[in-house]
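Biologist: Could you take me through one part of this protein closely, the surroundings of ligand 2 and the positions that UniProt lists as a binding site? Please start with the overall fold, so I know where I am.

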Amino acid sequence: MFPESHTGYSYEDCRATADWLLAQTAVRPLVGIVCGSGLGGLADMLKDQVVFNYRDIPNFPQSTVRGHAGQLVFGTLKGRPCVCMQGRFHLYEGYPIQKVTLPMRIFKLIGVETVILTNAAGGLNQDFKVGDIMIIKDHLNMPGFAGNNPLMGPNDERFGVRFPCMSDAYDRELQQLAMDVGTELGYGHFLREGVYCVLGGPSFETIAECRMLHKLGADAVGMSTVHEVIVARHCGMRVFALSLITNQAVMDYDSEEKANHEEVLETGKQRAEQLERLVSTMVTRIGHNNYS
Ligand SMILES: O=P(O)(O)O[C@H]1O[C@H](CO)[C@@H](O)[C@H]1O
Ligand code: HPA
């Protein structure tokens, strides 16, 4: 079985965490950002910060992975109120999937309307290069195929419907906005779009697995994001997600390449500035309620 599966937090638990946060800060964020491995610098862009260590937030799990600081940062990005997770949770850390995705429900209950998720991923598409930024247009949910979906268990209609649609998971207007902003910033040569595949990790993929995932239609592979997207969409938030291609997935038995977390973090550092500019410019142009 999966760790403590079906023991999600109740609506009241989530409400208590959200109310606790709202009582400590006057910031009322409309945009929530999740920083991927090595991409925590995004949170440093926020002005007038109010910072919470995950260990101090009721019900919150702890970050255990290098490159995930474990702080929830409230502040403003070019005048727009935002909240930023400097560190996310992954299945391989041993958390039940409902705990991995808990922050999405907290985002919803504090008033977030749009979620921007980032991740580090291995490139399967042979046209991709290390350092490319892939706008996620769709996903393959491998743990979901095996029955590990964050919405397993009783459904609370106060969050969303029993059977949420996922064919529109990634907001098309926001994808277009990212393309437009990226092109304006001169990033067109490293901006791509594609399908992200999530696996449980923590072991990186074998060569045969990478070949299979590529044949199945995945352009990039990682160990996060999709679970958060499902929960964010279930409770009606608008979602944009991107992958930084931090390494090429190994597809060839003659290759000497070996996936490793150090390379992942290093590529994050090299692209951090552009990624931060892309996301912050997008945030200034996102409309709310009736979209832009
Ligand atoms: O998806 P994020 O959190 O960016 O992290 C990615 O980087 C780690 C592997 O280096 C894995 O956790 C993978 O999912
Ligand atoms: O190659 C990868 N595989 C899985 N997860 C990853 N996260 C960064 N790179 C990778």
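Modeller: The protein has 9 helices and 9 strands. With a radius of gyration of 18 Å, close to the 19 Å that the globule rule gives for 292 residues, it is as compact as a globular protein of that length. Keep in mind that this is a predicted model. The C-alpha trace spans about 55 × 45 × 35 Å along its principal axes, and 45% of the 292 residues count as buried. If you take contacts between residues at least 6 apart in sequence, 82% of them join residues at least 24 apart.

Now for the part you asked about. Ligand 2 is surrounded by 13 residues, and the closest are Ala120, Gly122, Gly222, Ala259 and Val264. Two or more residues of that shell come from each of strand E5 (114-123), E8 and strand E9 (238-248). E5 gives the most, with 3 residues. As for chemistry, the shell divides into 8 nonpolar, 4 polar and 1 charged.

Next, the record. In an unreviewed entry, UniProt lists Glu205 and Asn247 under "binding site". The two are spread over 43 residues of sequence, yet they cluster in space, with a largest C-alpha distance of 12.2 Å.

Let's take Asn247 to begin with, which is found in strand E9. Is Asn247 buried or exposed? It counts as buried because 20 other C-beta atoms lie within 10 Å of its own, and the cut-off for buried is 20 or more. Leaving aside neighbours within four places in sequence, Asn247 is in contact with Gly122, Val130, Ala259, Glu263, Val264 and Thr267. You've met some of those names already: Gly122, Ala259 and Val264 are among the closest residues to ligand 2.

Glu205, on the other hand, lies in the loop between E7 and H7. Glu205 is buried, with 20 other C-beta atoms within 10 Å. Beyond four places in sequence, Glu205 touches Leu199, Cys210, Val221 and Ala249.

Have a look at the backbone of that loop, too. Pro202 is found there, between strand E7 (191-198) and helix H7 (207-215), and the peptide bond from Gly201 to Pro202 is cis, with omega near 0 degrees. Most peptide bonds are trans, so that one deserves a glance on your screen.

Val221, one of the contacts of Glu205, also leads you into the protein's interior. The largest nonpolar core has 74 residues, and Val221 is one of those touching the most other members, along with Ile33, Cys84 and Val115. That fits a general pattern: nonpolar side chains tend to be buried together in soluble globular proteins. Follow Ile33 and, not counting residues up to four places away, you'll find it touching Leu42, Cys82, Cys84, Met85, Ile116 and Val279.

One more backbone detail involves E8. Thr225 sits in the loop between strand E8 (220-222) and helix H8 (226-234), and it has a positive phi of about 70 degrees although it is not a glycine. Most residues other than glycine have a negative phi. Thr225 counts as buried, with 24 C-beta neighbours inside 10 Å. Lys78 also has a positive phi, near 45 degrees, and its place is in the loop between strand E3 (71-77) and strand E4 (80-86). Lys78 is partly exposed, though, with 13 other C-beta atoms within 10 Å.

Terms used. Residues numbered from 1 in each chain as written. Chains lettered and ligands numbered in written order. Predicted model: local features only at pLDDT ≥ 70, side-chain atom pairs only at ≥ 80, totals over all residues. Helix = DSSP H or I, 4+ residues; strand = E, 2+ residues; numbered from the N terminus. Buried ≥ 20, exposed ≤ 12 C-beta atoms within 10 Å, placed from the backbone. Near = placed C-beta within 6 Å. Nonpolar A, V, L, I, M, F, W, Y, C, P; charged D, E, K, R; others polar. UniProt positions renumbered as here; feature names shortened; annotations may be inferred. Contact = placed C-beta atoms within 7 Å. Core = buried A, V, L, I, M, F, W, Y, C linked by C-beta atoms within 7 Å. Rg over C-alpha atoms; globule rule 2.2 N^0.38 Å.
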